Amino acid sequence: MDTKDVILELRTKSGLSQEELAQKVFVTRQAVSRWENGETVPNTETLKLLSGIFDVSINTLLGSPRKLICQCCGMPLDDSSISKETDGTFNEEYCKWCYNEGNFAYTSLEELTDFLVDHMSTEQFPPDKMRAYLNEMLPTLNHWK
């Protein structure tokens, strides 16, 4: 979905007119119209405001051009699993289970690995294979580099 479609859908689902949304993000109604027609895209600061108003990530507002993964555990991220900062803004680097309101849940790579092995091992992926996979994959994530 393109940015123009995302903004239009979120605005209409929220029951806001173009004028009402424009007032909330300090732009003109014409600017909102241009976003929804695909003529322009909101600037970074406006995207942050829209993210807060609609409670979606900037990645979602931009049509999900990036496949986000948690840079601590490697889990794919969507708006329901992305962490938030203390001010309520999305932190698109981490899932809400690894990082929440400025705090990391795991203090070491070993602690995270033990947790994941305990919770993700299956018959097809027994603990030894899961641990080997995680020992190779997790250190490639930004949080553990």
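## Salt bridges

Which residue forms a salt bridge with Glu 9, and how far apart are the closest N and O atoms? The partner is Lys 13, and the two atoms are 3.1 Å apart. Please keep in mind that this is a predicted model. Lys 13 and Glu 9 are four residues apart in helix α1 (residues 3-13), which means that about one helical turn separates them. Lys 13 counts as exposed, at 66% relative accessibility, while Glu 9 counts as partly exposed, at 31%. In total, the count comes to six salt bridges.

Let us turn to two more of these pairs. The side chains of Lys 84 and Asp 55 meet at 2.5 Å, N to O. Asp 55 sits in the loop between α4 (44-54) and α5 (58-61) and Lys 84 in strand β1 (residues 82-84), so this salt bridge ties together parts that are 29 residues apart in sequence. Both ends are partly exposed: Lys 84 has 26% relative accessibility and Asp 55 has a relative accessible area of 43%. Arg 66 and Glu 92 also form a salt bridge, with their closest N and O atoms 2.5 Å apart. Here too, distant parts of the chain are linked, with Arg 66 in the loop between α5 and β1 and Glu 92 in strand β2, 26 residues apart. Arg 66 is partly exposed, at 44%, whereas Glu 92 is buried, at 14%.

## Aromatic rings

Lys 84 has a second role to look at: it lies over the face of Phe 90, at 4.8 Å from the ring centre. As for pairs between rings, a search of the whole structure finds five. Among them is the tilted pair of Tyr 99 and Phe 104, with 4.7 Å centre to centre and 55 degrees between the planes. Tyr 99 is buried, with a relative accessible area of 9%, but Phe 104 counts as partly exposed at 36%.

Another pair, Phe 125 with Tyr 133, is edge-to-face, with 6.1 Å centre to centre and 75 degrees between the planes. Both rings belong to partly exposed residues, Phe 125 at 34% relative accessibility and Tyr 133 at 41%. You can also find a cluster in which ring pairs link Tyr 94, Tyr 99 and Phe 104.

## Cysteines

How many disulfides does the count come to? The answer is zero. Take Cys 95, which is in no disulfide: its nearest cysteine sulfur is that of Cys 98, 3.6 Å away. A disulfide needs sulfur atoms within 2.5 Å, so the sulfur of Cys 98 is too far from that of Cys 95 for a bond. Both residues are buried, Cys 95 at 1% relative accessibility and Cys 98 at 3%.

## Nonpolar cores

Cys 98 appears again in the largest nonpolar core, which has 21 residues. Together with Cys 70, Cys 72, Cys 73, Leu 112, Leu 134 and Leu 138, Cys 98 touches the most other members. Two or more residues of this core come from each of β2 (90-95), α6 (109-120) and α7 (127-137).

Leu 138 is a good place to zoom in. Leaving aside residues up to four places away in sequence, Leu 138 touches Cys 72, Cys 73, Leu 109, Leu 112, Thr 113, Leu 116 and Trp 144. There is also a second, separate core of 14 residues, including Leu 10, Trp 35, Leu 47 and Val 56.

Methods: Residues numbered from 1 in each chain as written. Predicted model: local features only at pLDDT ≥ 70, side-chain atom pairs only at ≥ 80, totals over all residues. Heavy atoms only, no water. Phe/Tyr/Trp six-rings, centres within 6.5 Å; stacked < 30°, edge-to-face > 60°. Buried < 20%, exposed > 50% of the residue type's maximum accessible area, 1.4 Å probe, protein only. Lys NZ or Arg CZ within 6 Å of the ring centre and 35° of its normal. Core = buried A, V, L, I, M, F, W, Y, C linked by side-chain atoms within 4.5 Å. Contact = heavy atoms within 4.5 Å. Salt bridge = Lys/Arg side-chain N within 4 Å of Asp/Glu carboxyl O.
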